[in-house]
Each structure stands twice: as structure tokens, then as C-alpha cells.
Amino acid sequence: MSKPVNLDILNSGQVRNDWSITEIEAIYNQPFNDLLFAAQSIHRQHFNPNEVQTSTLLSIKTGACPEDCAYCPQSGHYNTGLSKEQLMAIDEVISKAQQAKKNGATRFCMGAAWRSPREKDLSVVLEMVKQVKSMGLETCVTLGMLTDEQASQLADAGLDYYNHNLDTSPEYYQQIITTRTYENRLDTLQNVRDAGINVCSGGIIGMGEQTQDRYGLIQQLANMPEHPQSVPINMLVAVEGTPLGEVEKLDSIDFVRMIATARIVMPKSYVRLSAGREDMNKETQTLCFTAGANSIFYGEKLLTTANPEAEADMQLFKQLGIKPEGSEVSAEELTVPVPEKKEMFYDATQA
Ligand code: SF4
């Protein structure tokens, strides 16, 4: 029989790695004001409540991915009209990174639609990491599955973060991806941790999963040997042509509950408000910040899906009195050039 839950204890901000589904369920379902109050109180114990970390995401290799992630327009299994691109040239990536830095981003994330990187491609990415890092930006990449050796090579190049999402609960996972297992994902995350690279791992909600699956996702993330340093919570962006193209839109209150629950059970992690922001009004985004979200993707596009324009982000930051964390540019000073039409930023739902 499971132990009775005591919400005062659960809401106290203890760092634990043994969360039960019953406990996560109790946190998620408590009265909304209590949930927000607990999440914001915990948030303040570890972070400046008026700062948000900003990352820019660039797709360095787009489309034709052999995996079959049901939400992803980059999968070669679905026809979404997305044009495929080769691995970008290093110079081009560096110029995008310079632009991102000028626009106030402190972390530059590079994503490639691969099952796992080939040796010759990885050597190019290693050079990108070294050069971006030398510009004073934090570096993050998402390249698919990694062996322990590849993770060590990336660590040696100075990589700060590796993104690899769990996407959903182990139970619902088979409905979303069949070409690699949940275990494969956990193994990659283990390799990344062992190499001393910070882990960025989260999931997507609104994919037709049950609420139980959301608890399951949070449990997997929170019960890792170490909490991921960064936890992106994505709201599905339904893309026509993918199997999830017609899924009913998620209720925004459920999304805020998910952010708050992640904040409470992983008190020291950056919780990232990721894909799906374009569909959220500023009130929903504000509730997410109150619930403890303290990181966003920032830029014109998250690859194939629109992202609120950088200027709109800074406008909202100004209204809320939020500062971009660690940025050399304040929200007041920021003037964001209109990005070129063809610029494509990477999809935050990328695994
Ligand atoms: S989410 Fe990543 S691994 Fe899955 S299909 Fe898209 S690019 Fe490939």
C-alpha cells in the first residue's frame, strides 16, 4: 500500500530522486493557487525570480531523419513539405552564433536531425562547439544517440549541455516512437552524464497522452541519478503531415501545472518553456514564469515551427520586469534586427 501523501512535505522543495507517481499526482492536482505558490516559493530558494535564461537554437542539419517520432516534421517517414538540408558550414554557424549573442542569447544550441552522429560529421560539430565556446557563449548540441566515446569527445571539445528528450512516459512512448527504445534514450543520457556534460532533457505534452503519462515523464526525469540541469517542457506543435497533426490542442492550465510540478520536484533545474510558446498568449507565458519556468528558446523560429519574435519576448520581459540572465544586453537596450526569411531555427521538440 502506498504511503499517504503530505502536501506540506511534498511542497517543501527537498531535492529527491525517489518520487512516486502518487506523490507527483498529488502535487500536480493540488488547488492551482497552492501549486503556483509552492512552485514560486521553491523557485525563489534557488534562482533569481526576475531572471530568465535565454538560448538560441539553430538547426545545423535539417530533415530526412531516419527516426519516426510522431510529432516531428523532420522525420523522413512523413511528408510535411519540409526541405532537407546538409550539415551547415562552420562559418555559417559561427555567424549565426554571433548574431544570437548580439541579440542577447547566452547559450547557443545546435541541433542535427540524425539517429546518431557519424564520425566525419561529429568532427565538424566538435569544431563548431570549440568555436562557439570561444565566443563566450555556452554551448549545447542535440545530435541523437551518443556512445560513451562520442560523449567524451564532445566533453573534450568543451560542450556545456547535451539535449536528449525522453518525450513522454515509458508506457506511452511506443505510441510516439518505434525506431528507438526508451532504454536507448536513458543510455545516451547516462553516457552524457558520465562524460561530465550537463544534461538537458524533458518532454512534450499534448500528444494525446493521459495525465498519468505526464506524471510518468516527470517521474523519469526526477528520479535520474542526478536531475537534468535543464528540463525543457514542450507543448506539442501539431504539424500537418505528421501522425499527430490533428491532435486536440492542450489546455493551457494543464501546461502550467506541468511546469509547476517540474519546478517542485526538480528544484534546482532550469525549467525551460520550450516549443509551443507561439500558441500561448502572454498571460499563459506569465503564469509559466510564475510557476518556475526560467529558461526560454529565443529567436524567430524553432526550425519549422514559429517562435514568438525576439522583440515580443523582450517586450514581455520589460512588462514583467524580467532580465535575461547573464546577458550583456538588457531588455531595454535590445534592438532585434528582423531575421532573414530563410533563417531556420531548430525545433525544440527535437530528441
Ligand atoms: S525528433 Fe529528432 S530523432 Fe525524432 S524524427 Fe525528429 S529529428 Fe529525428
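This is a short dialogue on reading a few features of a predicted model.

Student: Let's start with the helices. How are two packed helices described?

Tutor: Two numbers do the job: the angle between the axes and the distance between the axes. Here, take helix α5 (residues 119-134) and helix α6 (residues 148-156): their axes come within 9 Å and cross at roughly 30 degrees. Angles under 35 degrees count as roughly parallel, so α5 is roughly parallel to α6.

Student: Is the crossing of α5 and α6 left-handed or right-handed?

Tutor: Right-handed, as α5 passes α6.

Student: And which residues of α5 and α6 meet?

Tutor: From α5, look for Leu-122, Leu-126 and Val-129; their partners in α6 are Gln-150, Gln-153 and Leu-154. Sorted by class, this contact has four nonpolar residues, two polar and no charged ones.

Student: Now to the ligand. How many residues surround the ligand?

Tutor: There are 10, and the closest are Cys-65, Cys-69, Cys-72, Ser-75 and Ala-113. The shell around the ligand divides into five nonpolar residues, four polar and one charged.

Student: I also noticed Arg-185 in helix α8 (residues 182-194). Is Arg-185 buried or exposed?

Tutor: Count the C-beta atoms around its own: 20 or more within 10 Å means buried. Arg-185 has 21 such neighbours inside 10 Å, so Arg-185 counts as buried.

Student: Which residues is Arg-185 in contact with, leaving aside neighbours within four places in sequence?

Tutor: Those are His-164 and Leu-166. Have a look at Met-145 too: Met-145 and Arg-185 are 40 residues apart in sequence, yet 7.0 Å apart in space, C-alpha to C-alpha.

Key:
Residues are numbered from 1 along each chain as its sequence is written. This is a predicted model: local features need pLDDT of at least 70, side-chain atom pairs count only at pLDDT 80 or more; totals for chains, interfaces and linings use all residues. Axes are lines fitted to C-alpha atoms, for helices over the stretch in contact, and angles run from 0 to 180 degrees between N-to-C directions. Helices (H or I, at least four residues) and strands (E, at least two) are DSSP runs, numbered from the N terminus. Angles under 35 degrees count as roughly parallel, over 145 as roughly antiparallel, 65 to 115 as roughly perpendicular and the rest as oblique. A crossing is left-handed if the near helix is turned anticlockwise from the far one by less than a right angle, and right-handed if clockwise. Two residues are in contact if their C-beta atoms, placed from the backbone, lie within 7 Å. Ala, Val, Leu, Ile, Met, Phe, Trp, Tyr, Cys and Pro count as nonpolar, Asp, Glu, Lys and Arg as charged, and the others, Gly among them, as polar. A residue is near a molecule or strand if its C-beta atom, placed from the backbone, lies within 6 Å of it. A residue is buried if 20 or more other C-beta atoms lie within 10 Å of its own, exposed if 12 or fewer, and partly exposed in between; C-beta atoms are placed from the backbone.
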